[in-house]
Amino acid sequence: MVGLLVESLIYLVVWTTVSEARGGEVGGFSTDEIAGYFIAWMFVRNVTTGWSPYAMEWRIRRGDFNSLLLRPVHPIFADTSEMLASKAVAMITVVPAMIALALVFKPRFELVPWSLLALIPALVLAFVLRYVLMYVLALTAFWTTRLGGLFELWYGVEFFFSGRVAPLTVLPEWAQQVANLLPFKWMFYFPLELLLGRSQPDEMLFGFAMQVLWLTVMVLLMRFVWQRAARRYAAVGG
Amino acid sequence: MHYLRLIRTYVRLSALNELQYRANLLVQMFNSVLGLGIGLAGLALVFSQTDSLAGWGPLELLVVVGVHTLLGGVIKSVIQPNMYQIAEGVQEGHLDYILTKPEDSQLLVSITRFELWRLVDVFVGLGVLIFAVTRLGEGIGLGEAAAFSVVLLCGGLIFYSFWLAIATTSFWVVRTWSMYEMFDRLYQAGRWPVGIYPSWLRLGLTFLVPVAFAVTVPAEALTARLTPLYLGLALGMAALTLVATRWFWHVGLRHYSGASA
């Protein structure tokens with residue numbers, strides 16, 4: 001939670017400074033819209049992220065996974081309910097933090113009703129997509145026992161192409177094209193734009209299509225990897 | 001002299017332990033280079049939009065990144081592992097074994113564990129610094145280099161004192177983990193000169209989490225911005241925090257009753 005606040009605050013300050021140096025605009029955002037971007041950013045991040053593949057790595061190394069595998073249901077259900085609960089608790093602190101930031105930085109929000117309505121399914125899809133993706137990534141620990149490098153690399157790519165470090169419109173043209181193809185934009189920037197009311201209807205439809213497409217790919221991949229992983233699983237410890 | 005020998009022995013033990021896991025060096029190198037790459041890409045992104053950030057040019061911000069990486073390496077290899085050990089030692093009870101040894105307890109808890117491979121960041125940071133400083137135009141003289149070394153050392157000592165103070169609270173609060181994490185996260189704010197932050201935050205980053213003294217002031221020394229006032233402040237702050245932390249550690253010890261017995 002503190003990490004969330006600090007990260008958002010750092011980039012809020014950096015980009016408002018840049019925007020002021022440019023005379024009040026960067027990447028199509030005015031200075032007060034940048035502030036709005038990074039405040040809404042906190043909300044979308046808390047909803048779409050949460051479960052870390054390191055938890056899985058830890059379980060595999062410690063051997064805690066053995067008992068979970070013996071249960072008759074897929075471990076993803078237990079993980080999901082645990083995470084939803086912690087997310088709800090986190091919201092209790094995130095919302096006041098957002099209000100505090102809003103009081104200090106005086107952002108500008110434009111609330112567009114149809115866009116906010118579309119936000120709900122977009123958030124759900126973004127959350128599920130990121131979750132499944134992280135799960136697939138975590139499952140590689142069945143082979144390597146350690147995630148380290150792979151996850152850090154993944155995190156670095158996500159940092160830029162999801163819109164976490166800056167609005168994607170700030171990125172050079174080629175990088176924006178790449179961001180459209182990668183899954184990261186659809187897990188973060190797309191719902192964030194809906195919340196800020198910056199999407200056009202056709203962009204929204206394209207966004208949903210990309211979310212569904214990536215989700216289908218990832219679910220298929222997860223089933224494939226899971227089957228192999230469970231067979232490959234060698235218990236560590238007892 | 002005696003203390004130096006003690007430190008050397010502990011460092012050697014840690015090093016021998018870490019040398020068993022040489023593959024970790026490769027993992028660490030990969031992570032260090034990746035971390036630097038992410039930092040540089042962030043800078044490139046900012047400077048694709050503007051020429052200067054609150055009066056700092058690209059090369060000057062590179063100096064900030066260099067100092068941040070260098071000091072981050074020191075924190076992760078020397079300071080943090082030991083401070084984690086303290087909290088864990090209180091919880092599990094093995095702190096008692098350290099306390100029964102006939103040496104200064106603060107020294108012993110500060111040198112029990114070093115993570116050798118994390119030092120990679122120190123070299124990466126140094127490399128970035130040398131690259132940036134040699135391209136900065138006028139370069140730096142002996143005086144600036146000396147001032148930089150002094151304020152960097154002060155920054156390191158201030159950081160150590162703050163960490164030890166947090167670790168000391170584990171005598172009362174058993175779960176100090178969240179405080180560690182908060183401190184760690186706030187250190188990330190030091191990647192940018194503290195001058196860009198609004199004044200209330202700048203105050204916090206100077207006195208609550210001394211990122212300003214640890215990163216920005218040394219970077220100022222290399223970019224000809226350091227005023228004698230800040231040099232003095234850094235020295236004073238280092239002396240003050242060292243003394244205060246030592247006092248606090250002893251207060252903590254007196255409250256400690258041991259968990260292993």
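This is a short tour of chains A and B, stop by stop.

**Before you start**

The model is predicted: local features need pLDDT of at least 70, side-chain atom pairs count only at pLDDT 80 or more, and totals for chains, interfaces and linings use all residues. Residues are numbered from 1 along each chain as its sequence is written, chains are lettered from A and ligands numbered from 1 in the order in which they are written, and side-chain values use heavy atoms, with hydrogens and water left out.

**Stop 1: chain A as a whole**

Select chain A. Count 12 helices and two strands. Helices here are DSSP runs of H or I with at least four residues, strands are runs of E with at least two, and both are numbered from the N terminus. Trace the chain from its N terminus and the order reads α-β-β-α-α-α-α-α-α-α-α-α-α-α.

Now colour by burial. Of the 238 residues in chain A, 53% are buried. Buried means under 20% relative accessible area, exposed means over 50%, and partly exposed lies in between (1.4 Å probe, protein chains only). The surface that chain A exposes is about 10,800 Å², and carbon and sulfur atoms supply 68% of it. Accessible areas come from the Shrake-Rupley method with a 1.4 Å probe; for residues, only the protein chains shown count as cover.

Contacts next. A contact means heavy atoms within 4.5 Å. Take the contacts in chain A between residues at least 6 apart in sequence: 78% of these join residues at least 24 apart.

**Stop 2: H2 and H5 of chain A**

Select residues 31-48 (H2) and 75-105 (H5) of chain A; their axes come within 10 Å and cross at roughly 180°. Axes are lines fitted to C-alpha atoms, for helices over the stretch in contact, and angles run from 0 to 180 degrees between N-to-C directions. H2(A) and H5(A) are therefore roughly antiparallel. The cut-offs: under 35 degrees is roughly parallel, over 145 roughly antiparallel, 65 to 115 roughly perpendicular, and the rest oblique.

Show the side chains in the contact. H2(A) contributes residues including Ala35(A), Ile39(A), Met42(A) and Phe43(A). From H5(A), look for Lys87(A), Met91(A), Val94(A) and Phe105(A), among others. By class, this contact of H2(A) with H5(A) holds 13 nonpolar, two polar and one charged residues. Ala, Val, Leu, Ile, Met, Phe, Trp, Tyr, Cys and Pro count as nonpolar; Asp, Glu, Lys and Arg as charged; the others, Gly among them, as polar.

**Stop 3: Lys106 of chain A**

Go to Lys106(A), in the loop between H5 and helix H6 (113-139) of chain A. Check its backbone: phi is positive, about 45°, although Lys106(A) is not a glycine. Lys106(A) is exposed, with a relative accessible area of 59%.

**Stop 4: H8 of chain B and its two partners**

Switch to chain B. Select H7 (residues 142-168) and H8 (residues 177-187), whose axes come within 10 Å and cross at roughly 160°. That makes H7(B) roughly antiparallel to H8(B). Phe159(B), Phe162(B), Trp163(B), Ile166(B) and Ala167(B) of H7(B) meet Met179(B), Tyr180(B), Phe183(B), Asp184(B) and Tyr187(B) of H8(B). These residues divide into nine nonpolar, no polar and one charged.

Keep H8(B) and add H3 (residues 58-92) of chain B: the axes of H3(B) and H8(B) come within 12 Å and cross at roughly 175°. H3(B) and H8(B) are therefore roughly antiparallel too. On the H8(B) side, pick Trp177(B), Tyr180(B), Asp184(B) and Tyr187(B). Facing them in H3(B) are residues including His68(B), Leu71(B), Ile75(B) and Tyr84(B). The contact of H3(B) with H8(B) has nine nonpolar, three polar and one charged residues.

**Stop 5: three loop residues of chain B**

Start with Gly190(B), in the loop between H8 and helix H9 (199-208) of chain B. Gly190(B) has 0% relative accessibility and counts as buried. Leaving out residues up to four places away in sequence, Gly190(B) touches Val64(B), His68(B), Val211(B) and Val215(B).

Move to Thr112(B), in the loop between helix H5 (105-111) and helix H6 (120-134) of chain B. At 22% relative accessibility, Thr112(B) is partly exposed. Beyond four places in sequence, Thr112(B) touches Tyr10(B), Ser14(B), Asn82(B), Gln85(B) and Ile98(B). Draw a C-alpha distance from Thr112(B) to Ile98(B): 9.1 Å, with their positions 14 residues apart along the chain.

End at Ala224(B), in the loop between helix H10 (211-222) and helix H11 (228-255) of chain B. Ala224(B) has a positive phi of about 55° although it is not a glycine. At 55% relative accessibility, Ala224(B) is exposed.
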